[in-house]
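Subject: Structure handover, with notes on core and helix packing

Hello,

The structure is below, and my notes follow it. Please read them with the coordinates open.

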Amino acid sequence: MSWFEVVPVALVAVGWLWLPGLPVSYLLGLRGIAAFAFAPVVSIAVVATTAVAAGMAGLDWSVPLALVAASAVTAVAALLAFLLRRKGFLAAAPDPRRLTLVAAAGLVPAIALAALAVVHAVGPPDSLSQVFDTPFHYNALAYIRDAHDASSLTISSLGDPEQAPAFYPAAWHDIASLVMMSTGVSIPVAANVVCAVITVLVWPASCLLLVRQLFGRNVAALAVAGVLSIAFPGFPWDFFGWGVLWPNLLGMSIAPVLFALVLTVTGWVKDDTIGRGRAWLLLVIGAGAAGLAHPNVLFSVIALAVFPAGAALFLRAGRLYREDRGRRAAIECVVFVVVLIGGWLGSITSPALANARDWDFWKSFETPANAVGEVLFNATNQREALWLLSVVVIVGACTARRFPAMRWVLAAHLVSAFLYVVSAALVRPDTRLLIGYWYNDSHRLAAMLPITAVPLAVAGVVFLAGKLAPLVRHERATVPVLAVGLTIALAVVTAGFYPTDREARVAVTYRQPEDQKLVNNRMRAFYDRIAEKIPKDAVVIGNPFDGSVMLWALADRRVLYPHFLSAKSKEEEYLGRHLSDAADNPRVCAAIRRYHVEYVLLGKSDPAIAATTPFEGIARVGHADGFELVDHSGPTRLYRITACD
């Protein structure tokens with residue numbers, strides 16, 4: 001396939017990310033930049049909440065159901081807007097059309113550069129991302145397709161009746177499944193297109209709203225914000241390929257919108273296009289969307305919000321004290337501190353976060369000094385320094401006092417920097433109390449930095465353009481024109497804002513050598529071939545580490561072990577260890593019948609993989625009685641289990 005062939009699929013993805021939310025945004029009084037940027041937040045909330053409600057009500061997840069739910073939400077929003085407007089709330093305060101057009105024009109080069117980077121990094125649109133977490137995400141889409149259940153309350157078990165359902169944020173899977181069901185494309189195509197749209201469009205739009213709230217109706221800032229938003233590899237590019245963290249990719253793409261709402265409700269935004277009262281309502285919607293996309297996003301926004309919220313409360317306390325209401329001021333400050341510290345200690349020590357807090361896979365890999373340098377030069381996780389872009393960010397940080405809210409953006413940037421340094425250089429049992437919300441993972445914390453780095457870079461460009469304006473004696477050399485010119489010069493000197501680094505962070509999971517892939521091209525063709533030889537209702541057993549785990553997503557034939565570390569019952573583990581003994585072991589046959597296993601798939605031939613616990617019995621079936629060879633391609637083989645007939 002080519003990317004030109006999937007342009008209609010990309011338009012469908014844009015539709016699912018914008019159309020459910022755009023009418024609601026307008027009904028709530030948002031216009032222009034604010035309406036466009038907030039629409040995906042509403043869409044995520046509507047789609048993911050509908051999936052949960054459908055699961056609880058026993059309704060099949062489908063395109064018509066999602067459309068009906070979106071229509072119902074729009075009707076409710078219309079009624080709410082009508083009632084609130086009668087009381088004087090939700091009055092629209094649109095920006096001038098010229099300002100919106102300038103911002104839209106600034107998005108065009110951002111979309112072009114980002115789309116080009118995605119095409120180069122991913123390769124064909126049906127390419128497979130082959131890294132640790134992709135089998136779960138691919139198979140979650142296969143589960144939704146087969147079970148018609150997309151609820152965040154049940155998706156974690158992938159339909160395994162032996163496992164108790166648990167919460168897993170499924171907003172990304174919900175949207176990708178709607179794209180898949182709307183267009184009929186394969187799971188890899190749907191996944192890649194949704195990630196591309198998030199990277200190319202949702203994130204820049206989100207950054208655009210944050211810049212609009214911080215800089216007001218500053219034409220220069222809005223003209224360059226879009227293209228600067230795609231220049232930082234730490235996000236969204238790293239999340240496209242690292243992990244992979246596709247649910248986080250969706251959630252963090254709307255984090256700038258949530259941060260803009262926080263700055264609005266705390267009173268730091270002066271030239272406001274949202275409205276402080278409306279921002280409270282939008283923040284509730286945004287929190288729901290973020291929680292269903294990935295709770296990491298909520299923790300990130302809370303961390304960014306500590307200083308602006310605390311400073312706003314401090315100013316309020318001073319005003320109350322001057323009004324002879326010192327007791328109330330003291331009570332509010334004490335409540336804030338107690339809630340902040342109590343919420344932190346209560347949440348990070350709770351059993352609900354034990355898995356994230358105690359995740360000890362990630363170790364310190366850097367010295368504190370080097371980690372600080374990586375933050376300064378946007379070279380997190382030992383990447384190459386982005387010298388010119390980083391200089392612009394530093395200039396913006398030095399001029400933060402020129403815009404009142406920017407000082408709190410700088411404070412939030414320092415919070416993110418501190419957390420990243422801890423995760424890169426100081427991972428210890430005590431510091432996990434700070435970074436455990438993010439699985440102690442430096443990549444997740446590095447993704448917070450671009451949220452604040454983008455407006456700092458915008459501030460730097462605007463400041464430099466302002467200094468150049470008096471020196472360039474030409475009537476057309478206005479600050480907006482010079483800001484655009486500086487951004488173009490920066491793009492030219494860096495060959496398009498360091499595309500090599502951006503693309504490398506994505507390509508790492510797509511462009512491996514054939515012998516290093518979990519499923520190489522030969523195996524993929526074999527999976528397509530054997531799908532016709534396996535009954536639709538049969539379950540296939542295989543060692544997930546040899547590539548058999550991808551059969552469900554690629555050939556629509558269910559596998560017993562849908563992820564590398566999926567939870568297993570005692571009988572499921574026993575079956576993996578002793579499968580080759582089926583001809584002589586009644587317990588094995590009992591487990592085979594219990595789980596409806598009829599076929600065995602052997603993927604890559606590797607002695608180390610074959611010995612992986614608890615799957616060591618699977619690799620031995622080729623030399624055991626009771627297994628009939630159905631087809632093979634090199635070392636990849638499909639057997640039918642005859643021992644239990």
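The crossing of helices α7 and α8 is right-handed (the near helix is turned clockwise from the far one by less than a right angle; anticlockwise would be left-handed). Helices here are DSSP runs of H or I of at least four residues, strands are E runs of at least two, and both are numbered from the N terminus.

On provenance: this is a predicted model, in which local features need pLDDT of at least 70 and side-chain atom pairs count only at pLDDT 80 or more, while totals for chains, interfaces and linings use all residues. Residues are numbered from 1 along each chain as its sequence is written, and side-chain values use heavy atoms, with hydrogens and water left out.

Helix pairs

α7 (residues 171-183) packs against α8 at about 120°, the axes being 9 Å apart (lines fitted to C-alpha atoms over the stretch in contact, angles from 0 to 180 degrees between N-to-C directions). The two are therefore oblique to each other (not under 35 degrees, over 145, or 65 to 115, which count as roughly parallel, antiparallel and perpendicular). From α7, Trp 172, Ile 175, Ala 176, Val 179 and Met 180 meet a set in α8 that includes Ile 187, Val 194 and Ile 198 (contact: heavy atoms within 4.5 Å). By class, this contact has 11 nonpolar, no polar and no charged residues (nonpolar: Ala, Val, Leu, Ile, Met, Phe, Trp, Tyr, Cys and Pro; charged: Asp, Glu, Lys and Arg; polar: the others, Gly among them).

α19 (residues 406-425) and α22 (residues 449-468) pack at about 140°, with axes 9 Å apart. α19 passes α22 in a left-handed crossing. Among the residues that meet are His 413 and Ser 416 in α19, and Thr 452 and Pro 455 in α22. The contact of α19 with α22 has nine nonpolar, three polar and no charged residues.

Cores

The largest nonpolar core (buried Ala, Val, Leu, Ile, Met, Phe, Trp, Tyr and Cys joined through side-chain atoms within 4.5 Å) has 198 residues, of which Trp 172, Leu 228, Trp 246 and Tyr 527 touch the most other members. Its largest share, 22 residues, comes from α8 (residues 187-215). A second, separate core of 24 residues includes Ile 541, Leu 560, Leu 575 and Leu 602.

Leu 575 is also one of the buried residues of α27 (residues 570-578), along with Glu 571, Glu 572, Tyr 574 and Gly 576 (buried: under 20% relative accessible area; exposed: over 50%; partly exposed: in between; 1.4 Å probe, protein chains only). Their cover includes β1 (539-541), α28 (586-594) and β2 (597-602).

Regards
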